[in-house]
Amino acid sequence: IGGVAAGASAAAKARRTSEDVEIILLEAGPYISFANCGLPYYVGGEIPDRDELFVMDPKVFARRFALRVRTETRVESVDAKARTVTLAGTGEHIAYDRLILATGAEPIRPPIAGLDRPNVFALRTVPDADAIAARLAEARHGEGEALAAQRVTAPLRAVVIGGGYIGLEAAEQFRRRGLAVTAYDVAGTAAAG
């Protein structure tokens, strides 16, 4: 379960270890095996071609390692006793002999009012990066004269909550794009630039 870095690597290793086992890779999102560490650089424009984020296409990966890849397939539950996973939406049960959980982590969302607003984003997946890039393009080009006049006196602002690699790289890339950036680590300490 999980098809980005760890899940795709585990599936490939399982195939190299045994040529005759059935392997099914289940990924909740639309993509597998992408460079999540490259997401901030795509948002910042340092990686200009979105396709450069993808290590391998799901169909090519499935053919190369003789396994089944199911994207946009969310697991609803795992029954360790019965050795089955149940898929969300369909209720389909898939039996297993061995199960690898490689779902990654969810971004920490601190209890701050307003995190549900449309201009607040997490950065974990390619669709997250697409949404941020689209919002930046919209803010730069599509909000009319009032925003353009405001930019004359002050640059666009970004606040990054999270002092891990992705958060710091996102802050760096926002600065690269000319935004005023304030970054907060988990403990709430701010660094402005």
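In this predicted model, the largest nonpolar core comprises 22 residues, and those with the most contacts inside it are Leu39, Phe174, Leu179 and Val181. Several elements build this core, since at least two residues each are supplied by helix 2 (39-43), helix 4 (126-141), strand 6 (157-161), helix 6 (165-176) and strand 7 (180-184). Helix 4 gives the most to this core, contributing five residues. The surroundings of phenylalanine 174 illustrate how residues from separate parts of the sequence come together: once its neighbours within four places in sequence are set aside, this residue is in contact with Val43, Ile132, Leu136, Ala158, Val160, Leu179 and Val181. Apart from the largest core lies another core, of 10 residues, which includes Ala8, Ala12, Ile32 and Met56. In soluble globular proteins, nonpolar side chains tend to be buried together.

Attention then turns to the second largest pocket, for which a volume of about 590 Å³ was computed. Its lining is formed by 20 residues, and of these Glu22, Ile23, Ile24, Tyr96 and Arg98 are the closest to the centre of the pocket. Two or more lining residues come from each of helix 1 (5-17), strand 1 (24-26) and strand 5 (93-95), and helix 1 gives the most to the lining of this pocket, with four residues. When the lining of the second largest pocket is considered by class, 15 residues are nonpolar, two are polar and three are charged.

Technical notes:
Residues are numbered from 1 along each chain as its sequence is written. This is a predicted model: local features need pLDDT of at least 70, side-chain atom pairs count only at pLDDT 80 or more; totals for chains, interfaces and linings use all residues. Side-chain values use heavy atoms; hydrogens and water are left out. A nonpolar core is a set of buried Ala, Val, Leu, Ile, Met, Phe, Trp, Tyr and Cys residues joined through side-chain atoms within 4.5 Å. Buried means under 20% relative accessible area, exposed over 50%, partly exposed in between (1.4 Å probe, protein chains only). Contact means heavy atoms within 4.5 Å. On a 1 Å grid over the protein atoms alone, a cavity is a set of points where a 1.4 Å probe fits but cannot get out, and a pocket is an open set with protein on both sides within 12 Å along at least five of seven lines; lining residues have an atom within 4 Å of a point. Grid points are joined across faces, edges and corners, and a volume is the space filled by probe spheres set on the points. Ala, Val, Leu, Ile, Met, Phe, Trp, Tyr, Cys and Pro count as nonpolar, Asp, Glu, Lys and Arg as charged, and the others, Gly among them, as polar.
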